[in-house]
Amino acid sequence: MWSFGELFQNLAQRVSGDQNAILDAVAGKKTFTQDSGFLDAAKLMKQMNDAKMFQDSFMTADYGASQNLFTQGKAAMWYMGSWEAGMATNEKLA
């Protein structure tokens, strides 16, 4: 479920423009309800879910399973980070 949390954090940071908002909330310096960026990020995730942008097993799929969906052409996008840049040069996946 880390990818769900990571996506939420990325959206919240971009919506609010505050790169420290999530850290402040986790540290108890403010609550998640005090920052409209968190609510707006949650609304965006709800819209994405309602638009069926996530596969049925998004919340429970492990990293390998989600990678397989993408590399087999069964997913249009794959939420990942720079640690997977090597996948683009992997000739076995091309």
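Buried, in this tour, means under 20% relative accessible area, exposed means over 50%, and partly exposed covers what lies in between, with a 1.4 Å probe and protein chains only. The model is predicted, so local features need pLDDT of at least 70 and side-chain atom pairs count only at pLDDT 80 or more, while totals for chains, interfaces and linings use all residues. Residues are numbered from 1 along each chain as its sequence is written, and side-chain values use heavy atoms, with hydrogens and water left out.

**The whole chain**

Begin with a cartoon view of the protein, which has four helices and zero strands and follows the pattern α-α-α-α when read along the sequence; helices (H or I, at least four residues) and strands (E, at least two) are DSSP runs, numbered from the N terminus. Of the 94 residues, 27% count as buried. If contact is taken as heavy atoms within 4.5 Å, residues 24 or more positions apart account for 41% of the contacts with a separation of 6 or more.

**The nonpolar core**

Next, select L7, F8, L11, F38, M45 and M48, which have the most contacts inside the largest nonpolar core, a set of 13 residues. Such a core consists of buried Ala, Val, Leu, Ile, Met, Phe, Trp, Tyr and Cys residues joined through side-chain atoms within 4.5 Å. The elements that give two or more residues to this core are α1 (2-16), α2 (21-26) and α3 (36-50). Now keep F38 alone and display its surroundings: leaving aside neighbours within four places in sequence, F38 is in contact with F8, A12, A21, I22, A25, T31 and F32.

**From α2 into the loop**

Which residues does A25 touch, not counting those up to four places away in sequence? A25 touches K30, F32 and F38 on that count. A25 lies in helix α2 and is classed as buried because its relative accessible area is 10%. Measuring in the viewer from A25 to D35, C-alpha to C-alpha, should give 8.9 Å for two residues that are 10 apart in sequence.

Move on to K30, which is found in the loop between α2 and α3. Is K30 buried or exposed? With a relative accessible area of 18%, K30 is buried. Not counting residues up to four places away in sequence, K30 touches D18, A21, D24, A25 and D35. Show the side chains of K30 and D35 together, since a polar contact of 3.0 Å is made between these side chains. A polar contact is a pair of N or O atoms within 3.5 Å; within protein, one must be able to donate a hydrogen and the other to accept it, and residues adjacent in sequence count only if both atoms are side-chain atoms.

T31 also has its place in the loop between α2 and α3, and T31 counts as partly exposed because its relative accessibility is 39%. The side chains of T31 and T33 are joined by a polar contact of 2.9 Å. From T31 to A21 the C-alpha to C-alpha distance is 9.4 Å, across 10 residues in sequence.

**A glutamine in α1**

Select Q13, which lies in helix α1 and is buried, with a relative accessible area of 10%. Leaving aside neighbours within four places in sequence, Q13 is in contact with D18 and Q19.

**The loop after α3**

Now centre on K52, placed in the loop between α3 and α4 (63-71). K52 counts as exposed because its relative accessibility is 70%. Its phi is near 60 degrees, a positive value in a residue other than glycine. Most residues other than glycine have a negative phi.

**The second largest pocket**

For a last stop, select N49, F54, Q55, D56 and F58, the closest to the centre of the second largest pocket among the 11 residues that line it. The lining divides into seven nonpolar, two polar and two charged residues, and α3 gives the most to it, with three residues.

Note on methods: On a 1 Å grid over the protein atoms alone, a cavity is a set of points where a 1.4 Å probe fits but cannot get out, and a pocket is an open set with protein on both sides within 12 Å along at least five of seven lines; lining residues have an atom within 4 Å of a point. Ala, Val, Leu, Ile, Met, Phe, Trp, Tyr, Cys and Pro count as nonpolar, Asp, Glu, Lys and Arg as charged, and the others, Gly among them, as polar.
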